[in-house]
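Q: Could you take a close look at one part of this structure with me, starting from a single pair of residues and working outwards? I'd like to see what lies around it.

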Amino acid sequence: MPLLYLAMTQDGYLTDEGMEEVARWCGITPAQVFAVASFYTMYKREPVGRFLISCCTSISCMLLGSDEVLHAIEDASGVPHGETDPEGLVSVEHAECIGACGGAPAVQVNYELIEGVTPEKARELVDWLRAARPEVLKGDEMQQLFGSRRSFDWAIREDEGAVGPYPAFGPLGTVGREGES
Amino acid sequence: MKAPLVVTRRMTEHPDDSHTIDRYEATGGYAQAKRALGLTRQQLVDEVKASGLLGRGGAAFSTGLKWSFLAEGRPSYVVINADESEPGTFKDRQLMERDPHQMLEGTIITAIANEAHHAFIYVRGEYTKPARRVQAAVDEAYAKGYLGEGIFGSDFELEMTVHLGAGAYICGEETALINSLEGLRGEPRLKPPYFPAAIGLYMKPTIVNNVETVSNLPHVLAMGAGGYAGLVPGDDTGTFLISLSGHVARPGNYELPHGITWRQLIFEIGGGVPDGKNLKAWIPGGASAPWFVPSRHLDLEMTKEATNAAGSMLGSGAVIVMDETTCMIRATERIVGFFAHESCGQCTPCREGTTWLEQVLRRIEDGQGRPVDLALMLDVSDGISVGLDWPPKMTTICPLGPSAISPILALRDYFSDEVRAHVELGGCPFAASEMSAIDG
């Protein structure tokens, strides 16, 4: 599974060539790799925008207006959920519970979390992504700009963030810091 | 009602640096892992069994008993289930972000007790921040010699790997999690064997424990089995974390003693339903749990026994509150839709049943409902879990399918009028509802 993330890091999504390469490394067939890749929602087998906006629409977020937030994101970006804009900048999807129910409704951009998002703030988020195009997306910064109530308090600032539409986690080599690329 | 804080004490008292190894050690951290090295496997299993500690992933199974099932044959492995995905649940995220060393020490104790030299922490893929925090803690522990060869100066070796999932609720099921960790599709394994302690990761004896469960272990050892069991009165031992969300004034995670009532939880601790609205229903233990309603369940005690006797479960501790403006069809559709999306597809009753239930719910909400639809849904549900009993009977490898019918039972038992109103009106009587928002 880490190899699939590695392939996504390299190509932006899982290309056929990427999956074939993983198959060679693992000594299995490309079909076996495809079987695994197609099981998990975070392995994207079609091109994804630089910013993947995932809006949680599970029960707790739904109760507090997540569908309106998703509509606002779709409207502001012009991208229906499940799709990417022609420029390849923004993808929109709805997600199942992302574990931020105390700060519902919640949105992730490249799996960096923002809690307590209103439809208005969601529009601002889309505009900001389009205008600022940050190299490194930081959850703390986005929470401050576009979020409100959180599931729990968190006093410590993190200066790590995501550099693409895949999880920013050290061992995968995808953690971004300001000034690095 | 006031309980001593156990797993959330450090993060409450030291909010600025509870995640660092310095703060962890300054507040007694890692003393119990060191002590465990001097105890035998049997002593540790007995101690944890006697403490009454129950698994906090949802099944509430005795942790000590689970450990005692560990088969002969080595190597053995320890896997920490940090694939927290049950809708409404966000407690493990807080434990990982705010006090990762507590979980690490619990993992080390589990590894010592189960003679494992490699532990894996399986964090769900969407939890990038918790995964980063846990990895940072693991790095700190390695640097101090608390992990690796000869931990704490002993001759016990323990490697620890943080593994990131990739978006699949079903991987919270322990045999699916093991398949996923092996790099396969996250499909639950056929039972028996019922416990990975017999045959687990790489076909070796494996102990799979939840984040909150192992976070309790340093405290179990520090207090002793008797001390831990005596923390709160009654049969349920220790405190437990409740994730409160939905239509409630003060959502969040609360560490509570077993035995307070739902009324106390929702109205005192949670501050009640906002905007002067009335309580309509709540889900007592994650999306898999059958619903409770104020007319019947408000004064029940939050214990495993009382909740099970009333036909539901405390599950993962996720309490989702719904006010009077909530359309029950819409809420049900959202939960059934979740299970339809997350069904791994191995078993026909679950794969087909959840999908058909979702479609019927959607047509009711969209105004295309038929008078027979409730009976139809109950028939389909009966195909997933024969008899519609509690605890649910299984037609499937794992409990995901049978979990999906919990809200359908609520429609049958408490909200059949609302189903009828949708059918008669040819649409949703709740003005704010905009169903077909999410398709596919």
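A: Start at B:Val78, which has B:Ile207 of β4(B) standing opposite. These residues belong to a parallel pairing in which 5 bridges connect strand β1 (residues 76-82) of chain B with β4(B). Strands count as paired if DSSP finds at least two bridges between them. Strands (E, at least two residues) and helices (H or I, at least four) are themselves DSSP runs, numbered from the N terminus.

A word on the model before we go on. It is predicted, so local features need pLDDT of at least 70 and side-chain atom pairs count only at pLDDT 80 or more, while totals for chains, interfaces and linings use all residues. Residues are numbered from 1 along each chain as its sequence is written, and chains are lettered from A and ligands numbered from 1 in the order in which they are written.

Back on β1(B), B:Ile80 has a bridge partner in each of two strands: B:Asn209 in β4(B) and B:Ile121 in β2(B). The pairing of β1(B) with β2(B) is parallel too, with 6 bridges. As for burial, 7 of the 7 residues of β1(B) are buried, so the strand is largely enclosed by the rest of the structure. Buried here means that 20 or more other C-beta atoms, placed from the backbone, lie within 10 Å of the residue's own; 12 or fewer makes it exposed, and anything in between partly exposed. You can see this cover on both faces: B:Ser76, B:Val78, B:Ile80 and B:Ala82 are buried on one side, and B:Tyr77, B:Val79 and B:Asn81 on the other.

Now step back to the sheet around this strand. Four strands, written in the order β3-β2-β1-β4 of chain B, make an open sheet with parallel pairing. Its edges are β3 (159-164) and β4 (206-210) of chain B; each has a single partner strand, so one side of each is left without a neighbour in the sheet. From one strand to the next, the twist averages 20°. Helix α7 (residues 100-113) of chain B packs on this sheet and touches β1, β2 (116-123), β3 and β4 of chain B, with a direction about 150° from that of β1(B). Helix α9 (residues 174-181) of chain B also packs on the sheet and touches β1, β2, β3 and β4 of chain B, but its direction makes about 110° with that of β1(B). Such angles run from 0 to 180 degrees between N-to-C directions, and axes are lines fitted to C-alpha atoms, for helices over the stretch in contact. Contact means that the C-beta atoms of two residues, placed from the backbone, lie within 7 Å.

Next comes a helix pair in this chain. Helix α6 (residues 91-98) and helix α10 (residues 211-229) of chain B have axes that come within 9 Å and cross at roughly 50°. That makes α6(B) oblique to α10(B), since angles under 35 degrees count as roughly parallel, over 145 as roughly antiparallel, 65 to 115 as roughly perpendicular and the rest as oblique. On the α6(B) side the contact uses B:Lys91, B:Asp92, B:Leu95 and B:Met96, and on the α10(B) side B:Val211, B:Glu212 and B:Ser215. By class, this contact has 3 nonpolar, 1 polar and 3 charged residues. In that scheme Ala, Val, Leu, Ile, Met, Phe, Trp, Tyr, Cys and Pro are nonpolar, Asp, Glu, Lys and Arg are charged, and the others, Gly among them, are polar.

Helix α8 (residues 128-144) of chain B deserves a look as well. Its 17 residues should span 24 Å at 1.5 Å a residue, and its end C-alpha atoms are 24 Å apart, which agrees; the expected span is 1.5 Å times one less than the number of residues. Buried residues in α8(B) include B:Val134, B:Ala137, B:Val138 and B:Ala141. After α8(B) comes B:Gly145, with a positive phi near 80°.

Finally, here is where chain B meets chain A: 51 residues of chain B and 45 residues of chain A take part. On the chain B side, α6, α8, β5 (239-246), β6 (252-257), β8 (318-323) and α14 (328-342) each supply at least two residues. The largest share, 6 residues, is from α14(B). Sorted by class, this side of chain B has 20 nonpolar, 20 polar and 11 charged residues.
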